[in-house]
Amino acid sequence: MIFFSRGIVFSSSLIRQTIQGLAATLLMSWVALANAQTQSTAANKIEAWPNKPLKLIVGFPPGSTPDMAARTLAEPLAKALGQPVIVENKPGAAGNIGLNSVAKSTDNHTLGVAINGNLTVAKILYPKMGFDPNKELAPVSLIGTAPLVMVTAKDIPAGNDFIAAAKASGNKWNFGSVGVGSQGHLGIELMKSLMPGFKAVHVPFSGNPQVLSALVGGQIQLALMPPGVALPMIKAGRINAVGLLGGRSALAPELGSISERGINGISLDTLTAVVAPSSLSKANVERLSREIGQILRQPEVRQKLFLQGWLASPTSPEATLQRIRFEALTMSGLVASLGIKSE
């Protein structure tokens with residue numbers, strides 16, 4: 001069939017083709033618009049996170065060094081994210097009880113603060129602890145790092161005669177730490193392997209304040225702890241300082257290193273880090289890391305952490321993971337070679 005309009009000839013087939021072309025164009029436009037709306041909605045979901053208060057779980061008691069670091073971070077992080085950040089203490093099992101609750105959380109608003117051992121050797125030492133940090137936790141950023149200082153009870157020598165006294169002590173000394181697999185535990189175990197005759201017995205506590213209290217009270221004779229915890233008691237003459245593991249540090253410039261006392265081959269530090277459940281989206285983990293990095297570069301935050309005994313150490317998720325993997329290799333080898341087991 002042929003139609004005429006003002007001198008123009010139209011065929012029915014041409015009309016059909018035109019209509020079909022318009023329909024195809026409209027369909028493609030609709031699909032493109034729908035895709036754009038979907039992408040926009042997804043982006044808005046990311047931007048809308050968090051949409052309720054966040055929990056920052058610390059597996060150690062109030063007043064412990066991880067707890068103080070978490071509380072220093074919480075307020076500026078709340079301002080950056082536009083939601084309250086509530087620090088919640090769940091101490092026990094060298095911090096693993098708290099991290100288990102982080103790993104199992106499904107609300108997308110629960111984070112955790114971890115130390116070295118939680119992320120490196122805990123799975124080896126606590127095979128039944130209920131979660132796998134390698135699979136169920138996502139590293140976000142370090143908060144801070146610190147050397148460890150070897151301290152003794154007041155009646156234990158800490159000068160050049162420390163080594164002789166330690167070797168002669170056999171198993172009469174007790175040493176404290178924040179739990180099996182912590183740096184404070186592994187460091188003394190390494191020291192025992194290097195000093196024949198030294199067989200101090202490990203006594204785990206829930207946090208460094210409890211370790212310090214036992215040291216001052218004479219229930220234990222030796223410990224490794226961050227300078228921020230130990231220095232006030234060292235300066236007050238309540239405990240003695242043998243020295244820092246590794247080299248000297250700006251955190252405690254008045255303290256020498258244990259190598260100056262003749263103890264070589266031990267170089268450990270401690271760290272605290274923010275982790276998230278592995279279910280939290282990569283975009284939100286990266287955003288958290290960026291926000292924390294900006295906070296940790298603020299002079300007032302760095303100063304607060306420094307006074308607590310931490311060197312602010314912001315890292316990307318990838319750099320945090322690399323640090324954990326490297327340390328896991330070295331520490332798991334130490335655990336295996338010394339035959340250390342959970343108690």
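## Two cores, one mixed sheet and a long last helix

The largest nonpolar core here takes in 64 residues, and M150, V151, F162, M191 and F198 are the ones with the most contacts inside it. A second core, separate from that one, has 35 residues, among them V85, I143, L280 and V285. Keep in mind that this is a predicted model.

Stepping back to the whole chain, there are 13 helices and 13 strands. Of its 343 residues, 50% count as buried. The chain exposes about 16,000 Å², with carbon and sulfur atoms supplying 58% of that area. If you take contacts between residues at least 6 apart in sequence, 77% of them join residues at least 24 apart.

Now for the sheet. Six strands make up an open sheet with mixed pairing, in the order 4-3-5-12-6-13. Strand 4 (85-89) and strand 13 (311-312) sit at the edges with a single partner strand each, so one side of each has no neighbour in the sheet. Strands in a sheet pair through backbone hydrogen bonds, parallel or antiparallel. Strand 13 pairs with strand 6 (residues 137-147) in the antiparallel sense, over 2 bridges. One residue pair to look up there is G144 and its bridge partner A312, in strand 13.

Two helices are worth viewing against this sheet. Helix 3 (residues 96-104) packs on it and touches strand 3, strand 5, strand 6 and strand 12, with its direction at about 145° to that of strand 5. Helix 2 (residues 65-81) lies across strand 3 (54-58), strand 4, strand 5 (110-115), strand 6 and strand 12 (269-277), and runs at about 160° to strand 4.

Next, helix 13. With 22 residues (317-338) at 1.5 Å a residue, helix 13 should span 32 Å, and its end C-alpha atoms are 31 Å apart, which agrees. Its buried residues are P317, T320, I324, E327, A328, M331, L334 and V335. The spacing is a familiar one: an α-helix has 3.6 residues a turn, so residues three or four places apart point the same way. As for what covers these buried positions, the list includes helix 4 (116-120), helix 5 (122-125), strand 6, helix 8 (183-194), strand 12 and helix 11 (282-296). Right after helix 13 comes G339, with a positive phi near 65°.

That leaves a few backbone oddities. Most residues other than glycine have a negative phi, and most peptide bonds are trans. The exceptions below are good places to zoom in.

| Site | Backbone feature | Value |
|---|---|---|
| W49 to P50 | cis peptide bond | omega near -5° |
| A94 | positive phi, not glycine | phi near 55° |
| N108 | positive phi, not glycine | phi near 60° |

Where do these sit? P50 is in the loop between helix 1 (12-48) and strand 3. A94 belongs to the loop between strand 4 and helix 3, while N108 is in the loop between helix 3 and strand 5.

Is A94 buried or exposed? A94 has 10% relative accessibility, and the cut-off for buried is under 20%, so A94 counts as buried. N108, at 36% relative accessibility, counts as partly exposed.

Methods
Residues are numbered from 1 along each chain as its sequence is written. This is a predicted model: local features need pLDDT of at least 70, side-chain atom pairs count only at pLDDT 80 or more; totals for chains, interfaces and linings use all residues. Side-chain values use heavy atoms; hydrogens and water are left out. A nonpolar core is a set of buried Ala, Val, Leu, Ile, Met, Phe, Trp, Tyr and Cys residues joined through side-chain atoms within 4.5 Å. Buried means under 20% relative accessible area, exposed over 50%, partly exposed in between (1.4 Å probe, protein chains only). Two strands pair if DSSP finds at least two bridges between them. Helices (H or I, at least four residues) and strands (E, at least two) are DSSP runs, numbered from the N terminus. Contact means heavy atoms within 4.5 Å. Axes are lines fitted to C-alpha atoms, for helices over the stretch in contact, and angles run from 0 to 180 degrees between N-to-C directions. Accessible areas come from the Shrake-Rupley method with a 1.4 Å probe; for residues, only the protein chains shown count as cover. The expected span of a helix is 1.5 Å times one less than its number of residues.
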